[in-house]
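Please look at the sequence and the fold below before reading on.

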Amino acid sequence: AIRAKYWEKVNKGQLEPGSDATDVLLTSVNVGFDHVETGLRDFDHIEAWITHRKPAKPDPNNTPACDRLARTRLQMICTFLEAHEEAQCTTTKNFGHTGMVESKEENMVIHESDTECAKAIHHLMDIHLSVLEEYKTSTVIRLFTNSLLHRVESLVEKGILAEKEEELFHHMFSHK
């Protein structure tokens, strides 16, 4: 489901074929499959690229290299989060008919995806506000909020947060 989402974005022209973002995202799926016995770890490959990639030489449009690199990072992270969000919905539908987590395997897959998304959100926080403003702000906010809501639900399921605290959290996000 993740790879299909990346290819869908390429086919729609939202990811440029052969670009760093496309290559890193597609390779992350392969790397994830290579290490499936240790759990879902597809963000590790993306994180390594984000962490170790340094700005390249300036482009002819005079866009500072650090801005181009930040845009590429943002595109990768948002695409990663969107793909995982969709894959989690698909996983729930594939494992059961109720739309709820019904099995230990499904819960494990969703939890691992949530963990990978939390790492991605951490890197999203490092991207300069001026670059975030250029991107579809509503997309970034939705991805960030959904990730937080999934995290809170997971903490309630594990007994770390009380349902009352979950209600308070939902209340904070439903009011301005």
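The paragraphs below go through the nonpolar core, then one charged residue, then the cysteines.

The model is predicted, so local features need pLDDT of at least 70 and side-chain atom pairs count only at pLDDT 80 or more, while totals for chains, interfaces and linings use all residues. Residues are numbered from 1 along each chain as its sequence is written, and side-chain values use heavy atoms, with hydrogens and water left out.

The largest nonpolar core (buried Ala, Val, Leu, Ile, Met, Phe, Trp, Tyr and Cys residues joined through side-chain atoms within 4.5 Å) has 28 residues, and Y6, I46, M76, F80, L81 and L124 touch the most other members. Two or more residues come from each of α1 (2-11), α2 (20-34), α3 (42-52), α4 (65-95) and α5; helices are DSSP runs of H or I, at least four residues, numbered from the N terminus. The largest share, 10 residues, is from α4. In soluble globular proteins, nonpolar side chains tend to be buried together. Beyond residues up to four places away in sequence, Y6 touches L15, L25, L26, S28, V29, T79, F80 and A83, with contact meaning heavy atoms within 4.5 Å.

E116 lies in helix α5 (residues 104-124). E116 counts as buried because its relative accessibility is 0%; buried means under 20% relative accessible area (1.4 Å probe, protein chains only). Its side chain makes a polar contact with the side chain of K119 at 2.9 Å, that is, a pair of N or O atoms within 3.5 Å, one able to donate a hydrogen and the other to accept it; residues adjacent in sequence count only if both atoms are side-chain atoms. Outside its neighbours within four places in sequence, E116 is in contact with L40, R41, D42, F43, D44, F80 and H84.

C78 counts as buried because its relative accessibility is 0%, and C117 because its value is 8%. The whole structure has zero disulfides (pairs of cysteine sulfur atoms within 2.5 Å).

Key:
Buried means under 20% relative accessible area, exposed over 50%, partly exposed in between (1.4 Å probe, protein chains only).
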